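The following report was prepared for a reader who wishes to go through one protein model with the sequence and the coordinates at hand. It moves from the overall fold to individual residues.

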Amino acid sequence: MTKDKVLQIKSLASSSASFHSAAISTYIKDIVYQIELFQQLSDIDKQIISIMKEANSPLMKIPGFGYIQTAYLLATIENISRFDSPNKIMAMAGLDPKIRQSGQFKESRTRMSKKDNKLLRYTLIRSTNNVRKNSNTMKSYYLKKRSEGKSHYNALGHCSRKLVNYIFFVLSNPDKEFILD
C-alpha cells in the first residue's frame, strides 16, 4: 500500500459514517508506521545491493550467496588479515564447540559455544543453507552428516565450518580461481 492510498483512505474515512475507537485508531496508525518503515528498509536494501554490485566482492563466487548477506559478512569480518585461520572466524561467530572438562572428565558430545556475534552466526547458518541448496559439494556433505544421524541444524553447523573455510580462502586469495559446484 502506498502513501497516496493511505491518504485517500484517510480522507474517505473522515466523511463516512462511523464511530470513534481509540483502539482502531491506534491500530491504523501502527499499520501506517509499519508500511513507512518497510519502505525505508526496502530503500536501504536497494542501496546495499547497488554498493555490493559495484564492489564486486570475491565472496559472490560462492553459489547461493546474496548481496545482503555478503555485505553483512564483509562488514563483520572487516579485514581477513585480522584472522590467522578459519577457526578464529568460527569462534567469533560462536560456532566453535563449547569445551567442558574437569579433571579426568572430558565431555564427548559438545554443543556450539554461541558466544560473541549472534548475527554473524545467524548469517553463516542461513548462508550455509543457501549454499547447500546451490552447491552439489555442500549438498552431499550435508546429506552425509544427516545420514550419520545429525539433526538439520547440527548438519548445517558442520557445513558452516566448510563454508567458513571457503570464505577464508576466497577472501585471502581474491585473485585465485574458486569454483564450487
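The text below takes up the chain as a whole, then a helix pair, the salt bridges, the backbone and the surface.

**Overall architecture**

The model is a predicted one, and every statement in this report should be read with that origin in mind. The protein chain holds seven helices and two strands, and these elements follow one another from the N terminus in the order α-α-α-α-β-β-α-α-α. The two strands thus stand next to each other in that order, with four helices before them and three after them. Of the 181 residues in the chain, 29% count as buried. Among contacts with a separation of 6 or more, 56% join residues that lie 24 or more positions apart. The chain exposes an area of about 12600 Å², and carbon and sulfur atoms supply 53% of that area.

**The pair α6 and α7**

Helix α6 spans residues 136-147 and helix α7 spans residues 152-172; their axes come within 9 Å and cross at roughly 145°. The crossing of α6 past α7 is right-handed. On the α6 side the contact is made by T137, M138, Y141, Y142, K145 and R146, while α7 contributes H152, A155, L156, H158, C159, K162, L163 and Y166.

**Salt bridges**

How many salt bridges does a search of the whole structure find? The search finds three, and they are set out in the table with the N to O distance of each pair.

| Pair | N to O distance |
|---|---|
| R82 and E78 | 3.4 Å |
| K144 and E148 | 3.6 Å |
| K145 and E148 | 3.4 Å |

Residues K144, K145 and E148 are linked in a network of salt bridges, with E148 meeting the side chain of K144 and also that of K145. The members of this network differ in their exposure: K144 has a relative accessible area of 43% and is partly exposed, E148 is likewise partly exposed at 44%, whereas K145 counts as buried because its relative accessibility is 10%, which is under the 20% cut-off for that class. K145 also belongs to the residues through which α6 touches α7, so that this buried lysine takes part both in the helix contact and in the salt-bridge network.

The bridge between R82 and E78 joins a partly exposed arginine, with 44% relative accessibility, to an exposed glutamate, whose relative accessible area is 61%.

**Backbone with positive phi**

As a general background, most residues other than glycine have a negative phi. Against this, N56 has a positive phi of about 50° although it is not a glycine. N56 lies in the loop between α2 and α3, and with a relative accessible area of 61% it counts as exposed. E78, also a residue other than glycine, has a positive phi near 65°. The place of E78 is in the loop between α3 and α4, and the residue is exposed, with a relative accessible area of 61%. E78 therefore combines an exposed position with a positive phi and a salt bridge to R82.

**Two residues of helix α3**

Is T70 buried or exposed? T70, which is found in helix α3, counts as buried because its relative accessibility is 0%. Leaving aside residues up to four places away in sequence, T70 touches M52, S57, L59, M60 and F65. A75 also has its place in helix α3, but A75 is exposed, with a relative accessible area of 52%. The C-alpha atoms of A75 and L120 are separated by 10.0 Å, the two residues being 45 residues apart along the chain.

**A nonpolar patch on the surface**

Which residues make the nonpolar surface patch of about 390 Å²? The patch is made by I24, Y27, I28 and I31. I24 lies in helix α2, which runs over residues 22-55. With a relative accessible area of 44%, I24 is partly exposed, and this value is over the 30% that a residue must exceed to be counted in a patch.

Key. Residues are numbered from 1 along each chain as its sequence is written. This is a predicted model: local features need pLDDT of at least 70, side-chain atom pairs count only at pLDDT 80 or more; totals for chains, interfaces and linings use all residues. Side-chain values use heavy atoms; hydrogens and water are left out. Patches are made of residues with over 30% relative accessible area and no salt bridge: like charges are joined within 9 Å, nonpolar side chains (Val, Leu, Ile, Met, Phe, Trp, Tyr) within 5 Å. Accessible areas come from the Shrake-Rupley method with a 1.4 Å probe; for residues, only the protein chains shown count as cover. A salt bridge is a side-chain nitrogen of Lys or Arg within 4 Å of a carboxyl oxygen of Asp or Glu. Buried means under 20% relative accessible area, exposed over 50%, partly exposed in between (1.4 Å probe, protein chains only). Axes are lines fitted to C-alpha atoms, for helices over the stretch in contact, and angles run from 0 to 180 degrees between N-to-C directions. A crossing is left-handed if the near helix is turned anticlockwise from the far one by less than a right angle, and right-handed if clockwise. Contact means heavy atoms within 4.5 Å.
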